[in-house]
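Subject: A structure for you to explore

Hi there,

I am handing over a structure that I hope you will enjoy looking through. Please open it first, and then read my notes alongside it.

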Number of protein chains: 2
Amino acid sequence: MAVDPECPVCRTAEIVCAKWTLLVVRELDEGRSRFCELERSLTGISPRTLSLRLRELEQEGIVERQQLDELPPRTEYALTDKGRALLPMIEDMRCFGERWLDCEADAVFSSPSA
Amino acid sequence: MAVDPECPVCRTAEIVCAKWTLLVVRELDEGRSRFCELERSLTGISPRTLSLRLRELEQEGIVERQQLDELPPRTEYALTDKGRALLPMIEDMRCFGERWLDCEADAVFSSPSA
DNA sequence: CGCGGCACTTCACTTGGTAAAGTGGTTCCG
DNA sequence: CGGAACCACTTTACCAAGTGAAGTGCCGCG
């Protein structure tokens, strides 16, 4: 590719700048969630992309996949500590958006998680 | 696209997640710079992409273009206040990279290929 | 037994970034 | 004075990543 693989900013950017990544992290911060739940919250994401993203994030150790073997078998996803370490960026982005972009400051999404 | 245009995180993500954006912002934080200088610092960027990115960032009010009409006419780019408001994110990303990715903490740029 | 949900995958298409080359202006050098 | 080189890009052709729509295999439900 071209950007320095030694550079922490570049490396982080490659992870978090993939489309939807930050949004799934934010969604998962609200609590563990299943594929179809994420699909519903992230309106517009294609299942293919969600699947890819989840897999990448799992590989990176940012989310944890848990196969509950109930019947029918459910799959749940949750943030790891590493994943939670991304939250400050999301917070910064929210601040930036609220201050500099004309966003509804409170249209964060549904749910101010208790 | 699909992501909520009201959501400050989504809006900000759309801007900063375009490839190279954060890197040009970081570069510009070092001081105003010219096209070819940026081209050299951001090893691997194509002039087309740099041109596009600079234009977008200018439109967003994140960088300022200054045509000095010396001869030959030089063009300089610099961060605006809005642009500087992105720096905390970059800082967060550096922290994340240093803590969670195996990056040389100080190899910010040129690899010390001794 | 057919319908619907879940967790995906496959396919065809569009969009965004890339590499390589080109453009039109300038100054530098012999 | 001619040619090489620099600057700030643009143009072209190409490729990879994301999209929308549909499909798959598995299950449980009425």
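A word on "near" before anything else: a residue is near a molecule or strand if one of its heavy atoms lies within 4 Å of it. What you have is a predicted model, in which local features need pLDDT of at least 70 and side-chain atom pairs count only at pLDDT 80 or more, while totals for chains, interfaces and linings use all residues. Residues are numbered from 1 along each chain as its sequence is written, chains are lettered from A and ligands numbered from 1 in the order in which they are written, and side-chain values use heavy atoms, with hydrogens and water left out.

DNA strand D

Which residues come closest to DNA strand D? There are 22 residues around this strand, and the closest are A:W20, A:T49, A:R53, B:S51 and B:Y77. Sugar or phosphate accounts for 71% of the strand D atoms within 4 Å of the protein, and bases account for the rest.

Some polar contacts (pairs of N or O atoms within 3.5 Å; within protein, one must be able to donate a hydrogen and the other to accept it, and residues adjacent in sequence count only if both atoms are side-chain atoms) are worth finding on screen. The side chain of A:R53 has an N or O atom 2.9 Å from a phosphate oxygen of strand D. For A:W20, a polar side-chain atom lies 3.1 Å from a phosphate oxygen of strand D. With A:G44 a backbone N or O atom is involved, 3.3 Å from a phosphate oxygen of this strand.

The surface near strand D has eight nonpolar, five polar and nine charged residues. Here Ala, Val, Leu, Ile, Met, Phe, Trp, Tyr, Cys and Pro count as nonpolar, Asp, Glu, Lys and Arg as charged, and the others, Gly among them, as polar.

DNA strand C

Now turn to the other strand. Of the 22 residues around DNA strand C, the nearest are A:S51, A:Y77, B:R48, B:T49 and B:R53. Sugar or phosphate makes up 67% of the strand C atoms within 4 Å of the protein. A phosphate oxygen of strand C is 2.5 Å from a side-chain N or O atom of A:Y77, and one is 2.9 Å from such an atom of A:S51. The surface near strand C divides into eight nonpolar, five polar and nine charged residues.

Two helices in chain B

Helices (H or I, at least four residues) and strands (E, at least two) are DSSP runs, numbered from the N terminus. Helix α2 (residues 21-29) and helix α6 (residues 87-100) of chain B pack at about 105°, with their axes 10 Å apart. Axes are lines fitted to C-alpha atoms, for helices over the stretch in contact, and angles run from 0 to 180 degrees between N-to-C directions. The two helices are therefore roughly perpendicular; angles of 65 to 115 degrees count as this, under 35 as roughly parallel, over 145 as roughly antiparallel and the rest as oblique. Contact (heavy atoms within 4.5 Å) is made by B:L22, B:V25, B:R26 and B:D29 of α2 with B:L87, B:I90 and B:M93 of α6.

One last residue

Is A:T80 buried or exposed? A:T80 is buried, at 13% relative accessibility (buried means under 20% relative accessible area, exposed over 50%, partly exposed in between, with a 1.4 Å probe and protein chains only). A polar atom of the A:T80 side chain lies 3.3 Å from the backbone nitrogen of A:K82.

Happy exploring!
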